Amino acid sequence: MQKNIFAADAFVGKTALISGGTSGIGLACAKLFLAGGAQVVLVGRDEERGRAALMGLSAGKHAHFVSADVRRRVDCARVSEETVRVFGTLDVLINSAGIYAEGALDDLAEELLEDLLATNVKGSFYLTQAALPHLRETHGNIVSVASDAGLHGNYLCAAYAATKGAVIAFTRSLALELACDHVRVNAVAPADVLTPLTERQFSPLLPRAEQLREMAAHYPLGRIGSPEEIAAIIAFLASPAASWVTGSIYCVDGGLTA
């Protein structure tokens, strides 16, 4: 019987496929899975960023980058097949690719809505769909990155919140659908995390430190999160320590939703 512990070697012999793996939470996940003995495949649209991420990981043959757009079903199918071709197995899928946008509904352009839906919702659907045959074989698991906005909504954030709410409903429903296949499905719901996505929200007209302090003031713990803190929860959910956890949405938000 497998020990129910989150050991340092929890992912030896496993392969993790990580969308949005070239920066932020996805890249932090890659580092943690590699440290646990896994092989990782990073997915991103930017080849230059992908090469830089691989160089930063310094993982040699244990890490691989695939340039792909999760908004395209054909790309997701190619990513899944290449993962198995390169490493022979697919055990963990991390749906981390996502974009953020805010603004009043009155001003929401059709193009922006389509991009939010295609990346945050369809991307998770397509990549999961492509990975499922392999995850069924390995009794693997899926962890998606949702958001606190998908749980309670945010001011001037209706479209983004709706896409992350969809990820949460998708996670819960798919967990029931795949339980008979022994494939676990969970999600994390982070609040503000210091990633390139968050950095792009800062105004160039105001001091960065001042904007960080203002953002942190909303949190009971007095600060925003780090990608590594989110990755730690994702790694737990993907590990044998969470072998009886499925359909769960883990809030990782410094007490914001308490």
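**Salt bridges, nonpolar cores and helix packing**

Aspartate 115 has a relative accessibility of 25% and is therefore classed as partly exposed. As the structure is a predicted model, this value, like those that follow, is computed from predicted coordinates. Aspartate 115 is joined by a salt bridge to arginine 71, with 2.7 Å between the closest N and O atoms. Because aspartate 115 belongs to helix α4 (residues 110-138) while arginine 71 sits in the loop between β3 and α3 (73-87), the pair ties together parts that lie 44 residues apart in sequence. Arginine 71, with a relative accessibility of 29%, likewise counts as partly exposed.

In total, 8 salt bridges are counted in the model. One of them links the side chains of aspartate 75 and arginine 72, at an N to O distance of 3.3 Å. Here the acidic partner, aspartate 75, is buried at a relative accessible area of 11%, whereas the basic partner, arginine 72, is partly exposed at 44%. A further salt bridge brings together the side chains of arginine 85 and glutamate 82, with an N to O distance of 3.6 Å. These two residues are 3 positions apart in helix α3, so that about one helical turn separates arginine 85 from glutamate 82. Their surroundings can also be described: arginine 85 is exposed, with 60% relative accessibility, and glutamate 82 is buried, with 18%. In addition, salt bridges with shared partners connect Asp69, Arg71 and Asp115 into one network.

Turning to the interior, in soluble globular proteins nonpolar side chains tend to be buried together. In the present model the largest nonpolar core comprises 34 residues, and Phe33, Val40 and Ile234 are those with the most contacts inside this core. At least two residues of the core are supplied by each of the strands β1 (15-19), β2 (39-44), β3 (63-67), β4 (92-95) and β5 (141-145), and by each of the helices α1 (24-35), α2 (47-57) and α9 (227-238). Helix α1 provides the largest share of this core, with 7 residues. Apart from this core lies another one, of 25 residues, which includes Val41, Ala68, Cys76 and Leu132.

Helix α1 is itself mostly covered, 9 of its 12 residues being buried. The buried residues in α1 are Gly24, Ile25, Gly26, Leu27, Ala28, Cys29, Ala30, Phe33 and Leu34. From its first C-alpha to its last, the helix reaches 17 Å, which is close to the 16 Å expected at 1.5 Å a residue. Just after α1, glycine 37 adopts a positive phi of about 100 degrees.

Helix α9 can be examined in a similar way. At 1.5 Å a residue, its 12 residues should span 16 Å, and the end C-alpha atoms of α9 are 16 Å apart, in agreement with this expectation. Buried in α9 are Pro227, Ile230, Ala231, Ile234, Ala235, Leu237 and Ala238. Because these residues cover an arc of only 160 degrees around the axis, they are placed on the same side of α9. The elements that cover the buried residues of α9 include α1, β4, β5, β6 (184-190) and β7 (249-252). Isoleucine 234 illustrates this packing at the level of a single residue: with neighbours within four places in sequence left aside, isoleucine 234 is in contact with Ile25, Cys29, Phe33, Ile94, Val143, Val145 and Val188.

The region that precedes α9 offers two contrasting residues. Glutamine 211, found in helix α8 (residues 208-216), counts as buried because its relative accessibility is 10%. When residues up to four places away in sequence are not counted, glutamine 211 touches Phe202, Ser203 and Leu206. Proline 220, by contrast, is placed in the loop between α8 and α9 and, at 58% relative accessibility, counts as exposed. With residues up to four places away in sequence again set aside, proline 220 touches Gly254, Gly255 and Leu256. Between the C-alpha atoms of proline 220 and alanine 35, which are 185 residues apart along the chain, the separation is 31 Å.

Technical notes
Residues numbered from 1 in each chain as written. Predicted model: local features only at pLDDT ≥ 70, side-chain atom pairs only at ≥ 80, totals over all residues. Heavy atoms only, no water. Core = buried A, V, L, I, M, F, W, Y, C linked by side-chain atoms within 4.5 Å. Buried < 20%, exposed > 50% of the residue type's maximum accessible area, 1.4 Å probe, protein only. Helix = DSSP H or I, 4+ residues; strand = E, 2+ residues; numbered from the N terminus. Contact = heavy atoms within 4.5 Å. Expected span 1.5 Å × (residues − 1). Arc of directions from axis to C-beta. Salt bridge = Lys/Arg side-chain N within 4 Å of Asp/Glu carboxyl O.
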